Every structure is written in structure tokens, then in C-alpha cells.
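Here's a quick tour of a few backbone oddities and one sheet. Have the structure open while you read.

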Amino acid sequence: MPALDPPSAPALPPEPLTRLPFKPVKKTHILHCSYDFWHTKSSALKSRIISLTPAFLAYLREDGIVLPPSEATFPPPETYNNTSTSDGWGEDPDPDPSLQFPEIHQQIKDAIKELGGLVAPKLNWSSPKDATWISMKKNSMECATPNDIYLLLKSSDFITHDLEHALDDTDNSSEAEIRKEDIKYVLVLRKWFKVNPSCEFRCFVRDRRLVGMCQRDLNHFQFLFPLVDKMRRVILEYFDATLKDSFPESDFVFDIYLPEPHDKVRLMDINPWAQRTDPLLFSWLELLTLPIPAPLLGIPESNPVSLPSMSSDEDTQDEEADEEIWRPEFRLVKKDDPEAYSFNTPQYSAHKLPKDVVDAGLEGETGMRDFAERWRNMLDGGEQMQNGGESDDDEETIV
């Protein structure tokens with residue numbers, strides 16, 4: 001009598017996830033997302049790239065905000081032979097920091113002129129959009145002078161992240177030789193144009209398949225909904241022609257600008273497939289676990305995949321099988337979505353500073369020194385706070 005197979009043990013339920021199932025992020029993955037690596041794509045915006053020297057990087061890392069003088073200033077001619085120390089001319093002014101990097105300072109001036117007089121700056125990965133509150137043009141990265149650029153760069157936490165933490169949370173097992181000191185930093189100056197936020201979109205690529213797209217601006221735009229099919233088709237065609245086979249990474253996130261009439265894509269940025277990148281209207285768990293049908297033979301991977309349905313009448317050859325079309329999801333902010341009514345906190349408010357600190361920083365080292373002295377006296381009780389008679393409920397001015 002043949003032996004009977006022992007009963008199989010019941011399948012155990014899958015263990016709950018305790019962390020997002022990201023693959024280890026390699027350092028080369030981060031470097032491939034640097035602007036100077038991929039900017040040669042024909043659809044990238046008009047820009048100039050300036051290689052940064054150690055002296056300029058040291059200036060960006062310095063505490064405080066000391067800007068070069070807007071123009072050369074000299075004491076009046078009548079004081080040239082005057083040995084008196086009146087009118088403050090005997091005091092040492094704040095040094096001109098651009099003397100440490102004159103070539104870069106001149107390259108920035110030339111690039112601004114070549115790009116029409118107005119530019120938007122960024123480093124390898126990030127733009128200083130969290131620091132627009134300090135700009136002369138509020139809530140704008142529009143820069144007309146090198147000082148406009150320096151002010152934004154030195155005030156931005158995003159820029160500090162590029163300089164100090166670009167390779168954080170990356171895999172050290174196979175690429176330990178790549179260090180922060182090995183990164184070749186660049187300043188990117190893009191030709192300035194007024195962006196329509198409704199035309200900015202973020203696209204997610206997994207295993208060289210475009211798996212999702214969504215708005216970048218979290219406001220409701222009703223006119224976008226009838227355009228979803230057209231915009232999805234345009235973005236898919238662009239991805240097939242420009243990024244799918246040419247970009248060395250199989251997983252990444254890219255940002256595009258799709259202005260009216262929504263038929264031509266402009267590549268804005270390429271971001272790491274990592275938790276540091278904001279998934280916006282998706283969640284990373286969705287994107288990492290989203291089931292994607294395998295491409296059929298002869299069909300490009302990023303094109304919509306046709307899945308033939310099962311037919312009960314196998315002998316009928318004249319009727320075409322119904323097809324279920326799989327397309328990447330295109331998410332927009334709906335009218336009743338809570339994201340469309342986020343009035344509580346201004347964008348990047350966590351990066352803002354009290355106005356007194358900002359004003360002191362703009363005065364250079366002397367201003368910061370005076371502010372620190374006043375603050376020390378205030379803590380020691382030697383100086384009364386301004387508006388001391390007002391109630392404690394008054395809020396500090398934030399800019």
C-alpha cells in the first residue's frame with residue numbers, strides 16, 4: 001500500500017511590515033540624481049552650471065550672512081589726508097567675502113546676463129525654496145544679482161542638507177570609497193520664468209515602469225480633470241523617448257512642467273527613489289507594493305498593458321476579446337480633499353526665523369554681534385524687552 005503524504009502545514013499569515021520595503025539606496029543612485037549628471041536631456045530648462053570651489057563652499061557653510069558690497073565705496077576725497085578718526089571711517093568694515101572666490105562671483109554675473117537678467121538658483125539636488133521668505137521678492141526665487149543668490153543659498157535648510165547630508169542613509173557595503181568630500185558641487189542657474197503651479201507634476205518610476213503621477217501643488221484645479229488622459233499619454237510618450245532607457249537607475253522620481261496646451265514636457269528635476277523624496281498624493285507603501293502586470297511580449301513596458309479577459313465561448317473567433325487596460329494612476333487634488341484646504345500652516349514655516357534675527361543677519365557680522373550683545377543683556381536683566389508694557393499674548397513677528 002503506497003504511503004500517504006503527511007498533511008501540509010497551514011500557511012502562516014505574512015508578518016506585518018515594520019519598515020518600508022526600500023532596496024538599499026546606493027551612493028551612485030544619489031549622484032545620478034544630481035543635476036549636472038542628467039541635465040543634458042534635450043527637454044531640460046535653459047541653464048548654466050558653475051563648478052564650485054572649496055572657498056565658495058566654505059562661504060556657504062559659514063554662520064551668519066555677510067554679503068559682498070553692491071558696489072565699491074570709498075571715503076570722501078577730503079578725508080584722504082585727514083588722520084582724525086571721525087565719521088567712522090577708521091572702523092574696519094565687514095570683509096568682502098567674494099574676494100575669496102572672484103572667479104565664481106564673475107561667472108555668476110556673466111550667467112545672469114546670458115540668461116536674460118533673471119535666474120533661479122539651485123545646487124546639485126535642491127533649490128532654496130524654503131528660504132524665499134528672506135528674498136527681496138517675497139515667496140520667489142527670482143534673482144537678479146549674485147547677492148540675491150547668496151542670500152537664498154545661505155538661508156536655506158535644503159541647501160544645508162545638500163552640503164552636509166547628501167549621502168545620509170545610503171548603503172555603505174559596496175561603495176565605501178565615495179565620501180561627502182568626493183562630491184563635485186555645482187551651482188545651477190536656470191533662466192527665470194513665472195511657473196504656473198497647476199502645471200507641475202511628480203512622476204514615479206519603479207523597475208523602469210511609470211507607476212504613478214500626481215500634482216506637486218496641493219491645491220484643487222478643476223480644469224485639470226478633463227485633461228488627465230491627454231496629460232498621461234504625453235508624459236508616457238516623453239518617458240519612453242527620453243528617460244526609460246537612458247537613465248541608469250531603474251527606480252527614480254522625476255518632476256516635470258507641462259504648460260498649456262499640455263503637449264510638451266519640460267524636465268525639472270530627478271529625485272532619488274528614497275524616503276527623503278516626498279510622495280505627495282501617494283504613500284511610499286503604495287508605490288513600493290503596487291501590483292504591476294508584467295508586460296506582454298512585444299509591448300514596451302511603460303505603454304498601457306492589455307490584459308485579455310477569459311471568454312466562455314472559445315469557438316467564436318469573429319468576436320474580439322474584451323481587454324482590460326492597465327495605466328499608471330494619475331492623481332489630482334479633488335475639491336473635497338483635505339489637502340486642498342490646508343490653511344493652518346504656511347509652506348516651509350518650520351524654516352523661518354524671527355524678523356529681528358533676519359534683520360541682524362542682513363547687516364553682516366556687526367549686526368549679528370550687536371544683536372547677540374543685546375540678547376545677552378536681555379537675559380541678564382540689563383535691558384528691558386521692547387514693548388514691555390504689552391501683554392504676554394502678543395506674538396513675535398515671523399518672516
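The notes below go through the sheet and then the unusual backbone spots.

Keep in mind that this is a predicted model. The sheet is an open one with 5 strands, and the backbone oddities include a cis peptide bond at glutamate 260 to proline 261.

**The sheet**
- Reading across, the strands run E7-E6-E4-E5-E10, and the pairing is mixed.
- E7 and strand E10 (329-331) sit at the edges with a single partner strand each, so one side of each has no neighbour in the sheet.
- On average, neighbouring strands here are turned by 20° against each other, ignoring direction.
- E4 and E6 pair in the antiparallel sense over 6 bridges.
- If you want a residue to click on, try valine 205, whose bridge partner in E6 is phenylalanine 252.

**The cis proline**
- The bond from glutamate 260 to proline 261 is cis, with omega near 5°.
- You'll find proline 261 in the loop that links strand E6 (252-257) and strand E7 (266-272).

**Positive phi without glycine**
- Aspartate 169 isn't a glycine, yet its phi is positive, at about 60°.
- Look for aspartate 169 in the loop between helix H6 (157-165) and strand E3 (186-191).
- Aspartate 169 is exposed, with a relative accessible area of 76%.
- Aspartate 207 has a positive phi too, of about 55°, and again is not a glycine.
- The loop holding aspartate 207 lies between strand E4 (200-206) and strand E5 (209-215).
- Aspartate 207 is partly exposed, with a relative accessible area of 42%.

Terms used
Residues are numbered from 1 along each chain as its sequence is written. This is a predicted model: local features need pLDDT of at least 70, side-chain atom pairs count only at pLDDT 80 or more; totals for chains, interfaces and linings use all residues. Side-chain values use heavy atoms; hydrogens and water are left out. Helices (H or I, at least four residues) and strands (E, at least two) are DSSP runs, numbered from the N terminus. Buried means under 20% relative accessible area, exposed over 50%, partly exposed in between (1.4 Å probe, protein chains only). Two strands pair if DSSP finds at least two bridges between them. Axes are lines fitted to C-alpha atoms, for helices over the stretch in contact, and angles run from 0 to 180 degrees between N-to-C directions.
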